Amino acid sequence: MAIAGSILVLGLALLSCVADGALRRHIGLSHRRGLIDGGGAEVTVFDVTQHGAKADDQTDNAEAFIQTWRAACDSGVPAKLVIPVGTFLTGPVVFQGPCKSTEPIVFEVQGNVKATSDLSEYSSGQWILFEIIDGLTLNGGGAFDGQGVAVWKYNDCHQNKQCQPLPSSIKLSKVKNCDIHEISSFDSKYFHMHVTDCSNIWVHDVNLTAPANSPNTDGIHISNSDSVNVTSSQIGTGDDCISIGQGSTNILVSQVFCGPGHGISVGSLGKYNNEEDVNGILVTNCTLLNTTNGLRIKTYAASQPSQALNITFKDITMDSVKNPIIIDQKYGSRKSEPSRVKIRNVHYQNIKGTSTSTVAVSFLCSSLVPCEGVELVDIDLAYIGLKNMTLSSSCLNAKVTSGGTQNPACN
């Protein structure tokens with residue numbers, strides 16, 4: 001029995017050689033059994049400390065994490081990987097599927113997972129990567145510490161368009177049916193969370209934070225994904241709280257508190273060739289506090305053709321927001337050639353609060369493909385800057401209809 005236990009703990013490759021019946025008999029030797037999940041199924045717990053992980057804030061636990069994941073993923077039974085209370089240092093780690101169980105695998109972070117700060121270790125652009133998994137729950141009340149403070153000074157993307165981005169903290173790639181809740185991420189080196197090529201993702205009750213001056217620390221960046229829901233969360237960063245990139249469809253953002261940061265953005269779009277359309281975005285019941293932008297759609301000039309359509313922003317509260325409502329189709333560019341990203345069917349409904357700039361509504365749309373179907377209903381914003389200044393709007397190359405309160409009106 002001791003030999004069988006050692007095989008489970010140390011022998012990654014040998015797991016595939018153990019017959020299914022033998023694996024089920026022996027798996028309890030090195031892992032706790034008997035935990036019952038919400039659906040009544042018996043769950044096997046795989047604790048990273050049983051595979052050599054140490055909560056000493058010094059040991060790089062990447063290999064122990066990977067060994068634990070492989071044991072859980074390959075077990076064929078309902079499984080939960082647990083990172084217990086304590087501070088576990090780790091370099092980049094890939095948690096790859098597909099896993100053998102038909103039940104979602106649970107990744108429970110109770111403690112603090114802390115990133116190493118040596119950038120030479122990060123060759124693939126992320127710190128924690130989950131990929132090719134159908135059925136994943138990430139929770140536990142713990143935190144991911146990206147240690148961005150040590151490396152933000154190396155981010156030169158604001159002046160070097162050929163820059164190498166720093167690694168994102170948590171990336172989901174080709175993941176389906178995932179529920180992320182009750183975790184925190186702070187001081188990410190780059191994005192806190194990057195969701196790409198995914199479907200049916202639920203993110204709720206998370207807390208993502210970084211200082212207002214931290215570069216490119218987007219809270220959640222979504223691209224090439226369908227049916228992503230972000231709800232009931234607090235996000236304060238140095239960049240967009242949520243950014244919705246190309247190929248994103250059926251995205252819901254609800255009950256998100258954003259601030260500080262650059263607001264909630266669709267884009268940037270049009271930077272690369274052959275980008276897929278953005279379609280079906282709903283941002284509702286959100287609050288933005290002290291952000292540099294509120295609700296923003298941004299595309300590059302001189303872009304290849306694509307579309308951003310069927311976008312609704314409704315029931316939004318602005319508190320001291322610099323640019324509450326903005327479409328910018330010359331984002332990040334001084335090129336004279338207009339954007340070819342077509343923006344249409346965009347609805348702003350029941351947007352209230354305060355602006356720190358005199359231009360509260362700004363539509364700078366493409367002269368080549370003007371914005372169409374832009375609707376403003378019950379916009380009620382007040383200027384709180386210098387006295388004797390009035391609130392205004394700037395609406396260029398946009399076909400706008402309006403109803404209800406219009407303060408300011410789009411002229």
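Residues count as buried under 20% relative accessible area, as exposed over 50%, and as partly exposed in between. The model examined here is predicted. In this model, Phe-186 has a relative accessible area of 28% and is therefore partly exposed. Its value lies between the two cut-offs.

Phe-186 belongs to strand 11, which spans residues 184-186. Neighbours within four places in sequence were set aside when its contacts were listed. The remaining partners are Asn-112, Ala-143, Phe-144, Asp-145, Gly-146, His-192 and Thr-209. Among these partners, Ala-143, Phe-144 and Asp-145 fall in the range of strand 9, residues 143-145. Pro-211 was also examined relative to Phe-186. The two residues are 25 residues apart along the chain, and their C-alpha atoms are separated by 9.1 Å.

Phe-144, a contact partner of Phe-186, is itself buried, at 2% relative accessibility. This value is under the 20% cut-off.

Aromatic pairing was examined next. The model contains 12 aromatic pairs. One of them joins Trp-69 and Phe-130 in an edge-to-face arrangement. The ring centres are 6.4 Å apart, with 70° between the planes. Trp-69 sits in helix 3 (residues 62-73) and Phe-130 in strand 8 (residues 126-139), so this pair ties together parts that are 61 residues apart in sequence. Both partners are buried: Trp-69 has a relative accessible area of 1%, and Phe-130 has one of 0%.

A second edge-to-face pair is formed by Trp-127 and Phe-144. Here the ring centres lie 6.1 Å apart and the planes meet at 85°, so the pair is classed as edge-to-face. The angle is over the 60 degrees that this class requires. Trp-127 lies in strand 8 and Phe-144 in strand 9, so the pair ties together parts that are 17 residues apart in sequence. Trp-127 is buried, with a relative accessible area of 2%. Strand 8 thus holds Phe-130 as well as Trp-127.

Ring pairs also build a cluster. Its members are Trp-69, Phe-95, Phe-107 and Phe-130. The edge-to-face pair of Trp-69 and Phe-130 therefore has both of its residues in this cluster.

Ser-254 was considered separately. This residue is placed in strand 18, residues 249-258. Its relative accessibility is 11%, so Ser-254 counts as buried. With neighbours within four places in sequence left aside, Ser-254 is in contact with Val-230, Thr-231 and Ser-232. Its other contacts are Thr-284, Asn-285 and Cys-286.

Key
Residues are numbered from 1 along each chain as its sequence is written. This is a predicted model: local features need pLDDT of at least 70, side-chain atom pairs count only at pLDDT 80 or more; totals for chains, interfaces and linings use all residues. Side-chain values use heavy atoms; hydrogens and water are left out. Helices (H or I, at least four residues) and strands (E, at least two) are DSSP runs, numbered from the N terminus. Buried means under 20% relative accessible area, exposed over 50%, partly exposed in between (1.4 Å probe, protein chains only). Contact means heavy atoms within 4.5 Å. Rings of Phe, Tyr and Trp (its six-membered ring) pair if their centres lie within 6.5 Å; planes under 30 degrees apart count as stacked, over 60 as edge-to-face and the rest as tilted.
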